[in-house]
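Here is a short set of exercises to work through with the model open beside you. Try each task before reading its solution.

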Amino acid sequence: MSACLFCRIAAGELQAEIVYEDERAVAFRDIRPQAPVHVLVIPREHIASLDEVRDNQAGLLAHLLLVVQQVAAREKIAGGYRVVNNCGPAAGQSVFHVHFHVLGGRTFGWPPG
């Protein structure tokens, strides 16, 4: 059994509120939402961070961004949402499995924190 929290969610070993899944990706609601809509999009394949992505995984990253688009449409936030990736501890990454936060349902300021 993998110790990675997101690998375990993707494998169905841990419960999460899944909003989308296919053979390459899973999207689920964040347990500590920072906006009315806060969904995490992850690959099923374990990749620790964007710094670990290799050339042969570029298609997977493109797929994840298309999943982000689909999640935004399903959640009715298309046209006004933020996508965030924290890469490394200094940026706030706390789960070392690459993931994209899809946030929407409110107005966001800039710069972000």
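**Exercise 1. A charged residue and its partner**

Is glutamate 21 buried, partly exposed or exposed? Find its salt-bridge partner too, and place both residues in the fold.

Solution. Keep in mind that this is a predicted model.

- Step 1: the relative accessibility of glutamate 21 is 49%, so it counts as partly exposed. The cut-off for exposed is over 50%.
- Step 2: the partner is arginine 44, and the closest N and O atoms of this salt bridge are 2.8 Å apart.
- Step 3: glutamate 21 belongs to strand β1 (residues 18–21), while arginine 44 sits in the loop between β3 (37–43) and α2 (58–74); the pair therefore ties together parts that are 23 residues apart in sequence.
- Step 4: arginine 44 is partly exposed as well, with a relative accessible area of 27%.

**Exercise 2. The other salt bridges**

How many salt bridges does a search of the whole structure find? Look at the one between glutamate 75 and arginine 29, then at the one between glutamate 52 and arginine 54.

Solution.

- Step 1: the search gives 5 salt bridges.
- Step 2: in one of them, the side chains of glutamate 75 and arginine 29 meet at 3.0 Å, N to O. This pair links distant parts of the chain, with glutamate 75 in the loop between α2 and β4 (81–84) and arginine 29 in strand β2 (residues 25–29), 46 residues apart.
- Step 3: arginine 29 has 27% relative accessibility and counts as partly exposed.
- Step 4: now widen the view around this pair, and you will find Glu17, Arg29 and Glu75 linked in a network of salt bridges.
- Step 5: glutamate 52 and arginine 54 form another salt bridge, with their closest N and O atoms 3.9 Å apart. The cut-off is 4 Å, so this distance of 3.9 Å still qualifies.
- Step 6: glutamate 52 is partly exposed at 39%, and arginine 54 is partly exposed at 47%.

**Exercise 3. An acidic side chain without a salt bridge**

Where does aspartate 30 lie, and what surrounds it?

Solution.

- Step 1: aspartate 30 is in the loop between β2 and β3.
- Step 2: its relative accessible area is 17%, so aspartate 30 is buried; the limit for that class is under 20%.
- Step 3: despite being buried, aspartate 30 has no salt bridge, and the nearest side chain of opposite charge, that of arginine 32, is 5.5 Å away.
- Step 4: look at the backbone next, where the side chain of aspartate 30 reaches the nitrogen of arginine 32 at 2.7 Å.
- Step 5: leaving aside residues up to four places away in sequence, aspartate 30 touches His38, Val39, Leu40 and His101.
- Step 6: take histidine 101 from that list; it is 71 residues from aspartate 30 in sequence, yet their C-alpha atoms are 8.3 Å apart in space.

**Exercise 4. Laying out the sheet**

In what order do the strands of the open sheet run, and which are the edge strands?

Solution.

- Step 1: the open sheet has 5 strands in the order β1-β2-β3-β5-β4, with antiparallel pairing.
- Step 2: β1 and β4 are the edge strands, each pairing on one side only.
- Step 3: from one strand to the next, the twist averages 20°.
- Step 4: zoom in on β1 and β2, which pair in the antiparallel sense over 3 bridges. Here tyrosine 20 stands opposite alanine 27 in β2.
- Step 5: add the helix α2, which lies across β1, β2, β3, β4 and β5 and runs at about 155° to β3.

**Exercise 5. Two backbone details**

Which residues does a cis peptide bond join, and what is the phi of lysine 76?

Solution.

- Step 1: the cis bond joins tryptophan 110 and proline 111, with omega about 0°. Proline 111 is found in the segment after β5 (100–104).
- Step 2: lysine 76 has a positive phi of about 60°, although it is not a glycine.
- Step 3: lysine 76 lies in the loop between α2 and β4, and its relative accessibility of 74% makes it exposed.

Notes
Residues numbered from 1 in each chain as written. Predicted model: local features only at pLDDT ≥ 70, side-chain atom pairs only at ≥ 80, totals over all residues. Heavy atoms only, no water. Helix = DSSP H or I, 4+ residues; strand = E, 2+ residues; numbered from the N terminus. Buried < 20%, exposed > 50% of the residue type's maximum accessible area, 1.4 Å probe, protein only. Lys, Arg positive; Asp, Glu negative; His and termini not counted. Polar contact = N/O pair within 3.5 Å; in protein donor to acceptor, adjacent residues only side chain to side chain. Contact = heavy atoms within 4.5 Å. Pairing = 2+ DSSP bridges. Axes fitted to C-alpha atoms, helices over the stretch in contact; angles between N-to-C directions.
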